[in-house]
Structure formats: C-alpha cells, structure tokens
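Dear colleague,

I am passing on the structure we spoke about, and below it you will find my notes on what turned up when I went through it. Please read them with the model open beside you.

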Amino acid sequence: MVRSLAACAMAGLLVLLLTVSAGASIEADSGYTKVQTYNAALRYLRVDLGYEVTEKDAQAAYLLFRFVPDSQKKPTNGSIEIVERQSGVRVYVRLPDLPRYQEEILSDGLLRKLRDEYGEPPPRRDA
C-alpha cells in the first residue's frame, strides 16, 4: 500500500512538472527594432517555414500561427510576441502543446534570420 501511494505521488508529480513546462515560453532579446523584428518574424513563419499565420497585428506586434512539427502530422497553435522595452526588444515564442526545445528552435531561427537580413544589430545604448 505504501509503495502504491508513493507510485501515485510520483506519477502526480511527473504530470505536474510536464504541465508546468508545457505552459512556458522562450524569451529572447532582439538587438533590432520592434518593426524589424515583427516583419522578420512574419516572413520567417510564412515564407521560410511555410506556416499558416492565423492572426496578426503589426501594431500590437504579435503573430498567431499553426505549427507543424516534423515529428507529428497534426499541427498545433503557436504565437510570437514582440515587446518593446526600455532596454530593447524582447521576443516571446510560445508553443504550449510542445516541448521547450521546439520553441528554442523557432527563436534561434528568427534571430538568425534577423542577422542574415539586417546584418549585425547596432550597439546598444545604455540609458
């Protein structure tokens, strides 16, 4: 009985950990402007990856899209949000139904695209 309680507790803990990590997102700093980052993200999703962008708002700087991982046939929802901060621009990539490494791959690809299209970002000015 003690073993079955311990096994149930471990299973519950595992489910809790998986649920918490699935709701996370990747944050990355962009050395480019909000407009450059948003436009590159839109081109990256639609042109480079061929994903369906289901909703977009350039003013609010977010994109909702259907993500199709290589390992699955079934697409899932994702989002990219670009936030202008005092210290620069921050990018949030969310794929809530997938492992964190999928978000990292998208984030890294977007940052690579920014460098390829716009060159190295200008040096940051400390406020």
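To begin with a detail of the backbone, which residue takes a positive phi in the hairpin of β2 and β3? That residue is Ala 61, with a phi near 60 degrees, in a hairpin that has four residues between its strands.

Before going further, please keep in mind that this is a predicted model. The average pLDDT of the protein is 82, and 78% of the residues score at least 70. Residues 2-22, however, have a pLDDT below 50, and beyond near neighbours in sequence this stretch has two contacts in the model.

The hairpin strands, β2 (residues 52-57) and β3, pair in the antiparallel sense over five bridges, and one of the bridge partners is Tyr 62 in β3, which is matched with Asp 57. On β3 there is also pairing with β4, again antiparallel, through six bridges, and here Leu 64 stands opposite Ser 79 of β4.

The side chains of β3 are worth following one by one. Leu 63, Phe 65 and Phe 67 point to one face and are buried, whereas Tyr 62, Leu 64 and Arg 66 point to the other face and are not buried. Such alternation between the two faces of the sheet is what a regular strand shows in general.

Phe 65 appears again in the largest nonpolar core, which has 25 residues and in which Phe 65, Ile 80, Ile 82 and Leu 106 have the most contacts. The elements that give two or more residues to this core are α2 (34-48), β3 (62-67), β4 (76-85), β5 (88-94) and α3 (100-118), and the largest share, six residues, comes from α2. If neighbours within four places in sequence are left aside, Leu 106 is in contact with Tyr 44, Leu 49, Tyr 51, Phe 65, Phe 67, Val 93 and Leu 95.

Turning to α2 itself, this helix has 15 residues and reaches 20 Å from its first C-alpha to its last, close to the 21 Å expected at 1.5 Å a residue. Its buried residues include Thr 37, Tyr 38, Ala 40, Ala 41, Leu 42, Tyr 44 and Leu 45, and what covers the buried residues of α2 includes β1 (26-30), β2, β3, β4, β5 and α3. After α2 comes Gly 50, whose phi is positive, near 70 degrees.

With best wishes

Terms used:
Residues numbered from 1 in each chain as written. Predicted model: local features only at pLDDT ≥ 70, side-chain atom pairs only at ≥ 80, totals over all residues. Heavy atoms only, no water. Core = buried A, V, L, I, M, F, W, Y, C linked by side-chain atoms within 4.5 Å. Buried < 20%, exposed > 50% of the residue type's maximum accessible area, 1.4 Å probe, protein only. Contact = heavy atoms within 4.5 Å. Pairing = 2+ DSSP bridges. pLDDT = per-residue confidence, 0-100. Expected span 1.5 Å × (residues − 1).
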